[in-house]
Amino acid sequence: YARSFFTGTADGVNTAVVLTNTTLWVRDGFILGQANASTTMTLTNSTINYEAQDGNNFEVGDNGGNPTTAVFNQNGGLVNCIAGQFFIGNGNNVTGGNATYNLNGGTINEHDWWVTGRNGSTGTLNITNGGTINKDGNPFITSSGAGVGTVGTLNMSSGTLNVSAELWVAENAGNVGTNNFSGTAQINLNNWVSLGRGGLGVMNLSGNAILHKSNPNNAERFNVSDGNQSGGTGILNQSGNSQLNVDGDLDVGHNTQGSGSGTYNMSGGTAYVNGWLTIGRDGSSGGTAVFNMSGGQMDANNEFHIAESGWTSTYNMSGGLLVAHSWWQIGRSGGGTGMLNLSGGTVHHLNNGGVVLCDGGNANLCTVTQTGGYITSDGGDWLIGNGPGGGLWNMSSGTNVSLGGNTFIGSGGACT
């Protein structure tokens, strides 16, 4: 038992702590690495129960103004945080140290705020060998704080990440956060997801990784770029045989306070979106959203929108398969600019709604440019220019289009 557990507190004195087949109870503060030195802790088949009775936190690398380096190695066993926040790298908004947590098997339970990379520090979380994290309560964050230049990275190649709290990647301008999911990683998310919540947030989904985003209250979105902090940049890259399953809405570009930039690059794998799939949603201050598809399969099981009001949104398709199960609208709600550039791949629209090029009460600028690929529809009407503005469909010679329903060209529409 220890009231507080502090290591690496003296400049120039490197420290190593090894616990094997041990149970450690810490009742208050836990800090690994505070001084201008290197500190390492290795936990093997052991348990840490952390209580945070006086409101302190579990911290790997709290630089306190010093360029500290801290590494926590967990080989199996359990870190059970009964209370308190969990920081991997914590700076002072001016200078930051380097902190790394290696979860090589075993389990971490955490209920309060979790931040990998905070306030100007560099934090890295590596999950391998079947490691498991169970996180509820306050958000699970990669890169946060007012210190410009914070860097947070999560690398996961196997194991399970269970997060019923919100997941944020790159909170605040100037910060960079990256989540790399590969191998056989299983990610179960049960709340809001925000990539680029003011900063630059990147998520890479590759290998055979599976990410399931549930929607328990029919309200939690998966946002690639989130304008809550006035201008975040979010990037989602999907490749290999990975799977992305989103029970609710997926917004590539979501903006409520300022301009933002969202990008989804899909070169492989499969994606299933059961809510709305929107490329540029909410807000009117000029966000930019892009979906680049060169391979894989996207199933939009509900409505699919390209450019709501105020957004400049582009869907570039050069390969792969898009299955649109419901309404597909290019330019929705008025005032947006929506573009579909089809040079390869296949678009299959099912008979569960129509396809609309330019829709809404305000002027849209909407263009479809087809130089290759194949468009087929099982049914449903096709409306080109269904409102103010202009809807233009350009087809090069030799392109393939098979429409199962009626085609209507409105006063602002044209097909060439």
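Hi everyone. Let me start with one cut-off: a residue counts as exposed when its relative accessible area is over 50%, and as buried when that area is under 20%, with partly exposed in between. Keep in mind as well that this is a predicted model.

With that in hand, let's begin at Asn 21. Its relative accessibility is 61%, so Asn 21 counts as exposed. You'll find Asn 21 in the loop between strand S2, residues 15-20, and strand S3, residues 23-26. Its backbone is worth a look too: phi of Asn 21 is near 50 degrees, a positive value in a residue other than glycine.

Where else does a non-glycine residue have positive phi? Ala 307 is one such residue, with phi near 80 degrees. Is Ala 307 buried or exposed? Ala 307 has a relative accessible area of 0%, so it is buried. Ala 307 sits in the loop between S34 and S35.

Stay in that loop for a moment, please. Gly 310 also lies between strand S34, which covers 304-306, and strand S35, which covers 312-324. Gly 310 is buried because its relative accessible area is 18%, and the cut-off for buried is under 20%. Thr 337 is 27 residues from Gly 310 along the chain, and their C-alpha atoms are separated by 7.7 Å.

Now step back to the loop that leads into S34. Glu 303 is located there, after strand S33, residues 297-300. Its relative accessible area is 17%, so Glu 303 is buried. Which side chain does Glu 303 meet in a polar contact of 2.7 Å? That partner is His 305. Glu 303 has a list of contacts beyond four places in sequence, among them Trp 276, Trp 327, Gln 329 and Arg 332.

Let's move to another polar residue, Asn 49, in strand S6, residues 47-50. Asn 49 has 8% relative accessibility and therefore counts as buried. Its side chain makes a polar contact of 3.3 Å with the side chain of Asn 80. Leaving aside neighbours within four places in sequence, Asn 49 is in contact with Thr 23, Leu 24, Trp 25, Val 26 and Asn 80.

On to the nonpolar interior. The largest nonpolar core has 83 residues. Which of its members touch the most others? Those are Phe 72 and Phe 222. If you click on Phe 72, look for its contacts more than four places away in sequence, including Phe 30, Leu 32, Met 41, Phe 58, Val 79 and Tyr 101.

There is nonpolar character on the surface as well. Val 151, Val 176 and Leu 200 form a patch there, with about 170 Å² of accessible area together. Leu 200 belongs to strand S23, residues 200-205. At 32% relative accessibility, Leu 200 falls between the two cut-offs, so it counts as partly exposed.

My last stop is Gly 207, in the loop that runs from S23 to strand S24, residues 210-213. Gly 207 has 29% relative accessibility, which means it is partly exposed. How far apart in space are Gly 207 and Ser 157, C-alpha to C-alpha? The distance is 8.8 Å, with their positions 50 residues apart in sequence. Not counting residues up to four places away, Gly 207 touches Gly 183, Ser 239, Gly 240, Asn 241 and Ser 242.

That's my tour, thanks for listening!

Conventions. Residues are numbered from 1 along each chain as its sequence is written. This is a predicted model: local features need pLDDT of at least 70, side-chain atom pairs count only at pLDDT 80 or more; totals for chains, interfaces and linings use all residues. Side-chain values use heavy atoms; hydrogens and water are left out. Helices (H or I, at least four residues) and strands (E, at least two) are DSSP runs, numbered from the N terminus. Buried means under 20% relative accessible area, exposed over 50%, partly exposed in between (1.4 Å probe, protein chains only). A polar contact is a pair of N or O atoms within 3.5 Å; within protein, one must be able to donate a hydrogen and the other to accept it, and residues adjacent in sequence count only if both atoms are side-chain atoms. Contact means heavy atoms within 4.5 Å. Patches are made of residues with over 30% relative accessible area and no salt bridge: like charges are joined within 9 Å, nonpolar side chains (Val, Leu, Ile, Met, Phe, Trp, Tyr) within 5 Å. Accessible areas come from the Shrake-Rupley method with a 1.4 Å probe; for residues, only the protein chains shown count as cover. A salt bridge is a side-chain nitrogen of Lys or Arg within 4 Å of a carboxyl oxygen of Asp or Glu. A nonpolar core is a set of buried Ala, Val, Leu, Ile, Met, Phe, Trp, Tyr and Cys residues joined through side-chain atoms within 4.5 Å.
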